Amino acid sequence: MEYKSIWELNNISETPKLNENLEVDIVIVGGGVAGITTAYYLRNSNKKIVLLEKDCVGCGVSKYTTGKLTYLQNGIYPNIAKTRSKSDALEYFNSQKDAIKLAKEIIYKHQIDCNLTPIASYLFAYNDTKKFNEEKKFLIDAECKFEESKTLPINFPCKKALYVHDTFCFHPLKFINKLKEIINSSSVHIYEKTLVTDINKEDEYYIVKTSSNQIKCKKVIITTNYPFFILPKLLPLQLKLEKSYLLEATKNNEDNFLALSTDKPNYTFRIDNEHFIFGGYSHNLSKEVNYQEKTQEVLNDFKNHFDNKINNYWSIHDVISKDHLPLIGRLNKTHENVIIATAFHKWGMTNGILAGKIISDIILNKENRYIKLFAPERKLAIKGIVNTITNDSIVGKAFIDSKINKNKKFYKNVMFKNENGINIGIYTDENNIEHKIINRCPHLKSSLIFDEEAKVWICPCHGSMFDVDGNLLKEPSIINIKYKKS
Ligand SMILES: Cc1cc2nc3c(=O)[nH]c(=O)nc-3n(C[C@H](O)[C@H](O)[C@H](O)COP(=O)(O)OP(=O)(O)OC[C@H]3O[C@@H](n4cnc5c(N)ncnc54)[C@H](O)[C@@H]3O)c2cc1C
């Protein structure tokens, strides 16, 4: 059993690192599903475009997904109806169906071999049926055709279930990397291993700075999953993070299906021709910070229900907005030429593809019915404001707890000490080698949590991730936390 996502590809040709200053029309920052789909839709626009990716295309959250293309998204519609309105929830429902259509269109047009498989999606309740009933009522009002059942196709606790047929799953990295190939044969340039460190406005232009160069451009599109800038807009106060856990086991059953539970802990299944993926257990990244304990809970829960051999397990966090709707579009009136796409609510396979289409339509001045729904400038309704205050106090508590090392009790191989006035974290690996990091996230100065299963340092407030030697793995930080003895 290995701690590793199953979505891996060999023989991917890397594009070069940026090593010159440029002047272009558009810079896209981030090569996940959102950034790459945006570049795909803009590739024939006759604009000079570059995409900058700090690691490799598809190496971010998109590599750790379950890879479902579904509009049954465990209870999201009643939540949107509460934080915004029922009509917004209905429009979001339509947008997800349209996103699936867009994905299919791209896949069929280019005959992308990404294991696209039609597969039924189940929504089920195994204990408390309140949320399930709310979702069912919403689906009836949305005139969604579904069937009902009292069981899942596999032996797992279930009180009530409903399912639809017009949903899919795919291999996310095969999809993303084929788009990369298509983009590479257009005039858009992709630069990998190129970290964007700053963006500044100069007159009507933006200067996008990387570790060693800069690009002058008219528009910037930020698809970095969690936007790395703090001002303008103070996004860290408007977003929260949820961490989820997945495992892949040897498949030994006939039925293929996707499933999500509406009650907590939430469960997710993807059982297709090749994979048996199980997991869920989503929680606020800032609230429950004993990440290795959570991992063990999921593994034990699986073993209590199934005999299948576990091959891989992994976990990752994704961004959530206070009103449950993604933020896609122009940042604000002052920065009309900065466009963001974030807060996909763990539904970035559909929302990332949709973001690509919406952003390209904004750039090309085309109409798109979803521009208003997802506009980052929308005002929060009362429920959204309450969610903001609640989450900010959770993040505040995580910040203080990490500072006083309240979490150190659950570490086996980690200790903290002060060396030359610097707070450092030390992880001792299985070969007894010590790995030291500066225990302070460069983003907003929180202390870090070590996940002993993943062997990564995680900021419990905004989700920056670093390896055991302090190399940056995940934004919003743009700086390493390597400790060098002076
Ligand atoms: C456990 C789990 C399961 C999920 N399952 C599903 C599912 O079944 N279906 C579904 O629709 N969604 C699912 N999701 C959600 C989906 O995977 C994500 O929403 C989506 O992958 C996010 O894509 P992205 O492009 O925003 O981010 P990413 O894939 O993270 O891409 C962002 C890219 O930006 C780069 N970057 C960051 N900072 C910089 C910088 N400063 N300079 C340059 N580059 C930078 C990163 O390296 C990264 O490659 C799941 C999420 C989780 C957590």
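The following is a conversation about selected helices, strands and loops of this predicted model.

Visitor: Which residues of helix H4 are buried?

Guide: Helix H4 covers residues 130–141 and reaches 17 Å from its first C-alpha to its last, which is close to the 16 Å expected. On one side of H4 lie the buried residues, which cover an arc of only 125° around the axis, whereas Lys130 and Lys137 on the other side are exposed. The buried residues are Phe132, Glu135, Phe138 and Leu139.

Visitor: Why can residues at separate places along a helix point the same way?

Guide: The sequence winds around the helix axis as it advances, and residues three or four places apart point the same way because an α-helix has 3.6 residues a turn. In H4, the buried residues are on the same side, since the arc they cover is only 125°. The general number behind this is 3.6 residues a turn.

Visitor: What covers the buried residues of H4?

Guide: One of the covering elements is helix H3, whose Lys86, Ala89, Leu90 and Phe93 meet Phe138, Leu139 and Asp141 in H4. Of these H4 residues, Phe138 and Leu139 are among the buried ones. The cover includes helix H2 (76–83), helix H3 (86–109), strand S6 (117–125) and strand S8 (160–169).

Visitor: At what angle do H3 and H4 pack?

Guide: The axes of H3 and H4 are 11 Å apart. The two helices count as roughly perpendicular to each other, because angles of 65 to 115 degrees fall in that class. The packing angle is about 75°.

Visitor: How far apart are the axes of H3 and H7 where they pack?

Guide: Helix H3 also packs against H7, at an angle of about 80°, and these two helices are therefore roughly perpendicular to each other. In H3, Tyr92, Ser95, Gln96, Ala99, Ile100, Leu102, Ala103 and Ile106 meet Thr350, Asn351, Ile353, Leu354 and Lys357 in H7. The axes are 8 Å apart.

Visitor: Is His345, in the loop before helix H7, buried or exposed?

Guide: His345 lies in the loop between strand S20 (338–342) and helix H7 (348–363), and its phi is positive, near 65°, although the residue is not a glycine. Its relative accessibility is 12%, and a residue under 20% is classed as buried, so His345 counts as buried.

Visitor: Is Asp203 buried or exposed?

Guide: Asp203 also has a positive phi, of about 55°, without being a glycine, and its place is in the loop between strand S10 (196–202) and strand S11 (205–210). The cut-off for an exposed residue is over 50%, and Asp203 has 69% relative accessibility, so Asp203 counts as exposed.

Visitor: Which residue follows Lys264 through a cis peptide bond?

Guide: Most peptide bonds are trans, but the bond from Lys264 is cis, with omega about -5°. The residue it leads to lies in the loop between strand S15 (257–261) and strand S16 (267–271). A cis bond is also found from Glu475 to Pro476, with omega near 10°. The residue joined to Lys264 is Pro265.

Visitor: How many residues of strand S17 are buried?

Guide: Strand S17, residues 276–284, pairs in the antiparallel sense with S14 over 7 bridges, and 5 bridges join S16 to S17, again antiparallel. Phe278 in S17 is the bridge partner of Leu247, and Phe269 also stands opposite Phe278. The strand is mostly covered, and the buried residues are 9 of its 9.

Visitor: Which strands stand at the edges of the sheet S21-S22-S23?

Guide: This is an open sheet of 3 strands with antiparallel pairing, and neighbouring strands are turned by 30° against each other on average. S21 and S22 pair over 6 bridges, and Phe416 has Gly425 in S22 as its bridge partner. Two strands each have a single partner strand, so one side of each is left without a neighbour in the sheet; these edge strands are S21 (414–419) and S23 (434–438).

Definitions and conventions
Residues numbered from 1 in each chain as written. Predicted model: local features only at pLDDT ≥ 70, side-chain atom pairs only at ≥ 80, totals over all residues. Heavy atoms only, no water. Pairing = 2+ DSSP bridges. Helix = DSSP H or I, 4+ residues; strand = E, 2+ residues; numbered from the N terminus. Axes fitted to C-alpha atoms, helices over the stretch in contact; angles between N-to-C directions. Expected span 1.5 Å × (residues − 1). Buried < 20%, exposed > 50% of the residue type's maximum accessible area, 1.4 Å probe, protein only. Arc of directions from axis to C-beta. Contact = heavy atoms within 4.5 Å. Parallel < 35°, antiparallel > 145°, perpendicular 65-115°, else oblique.
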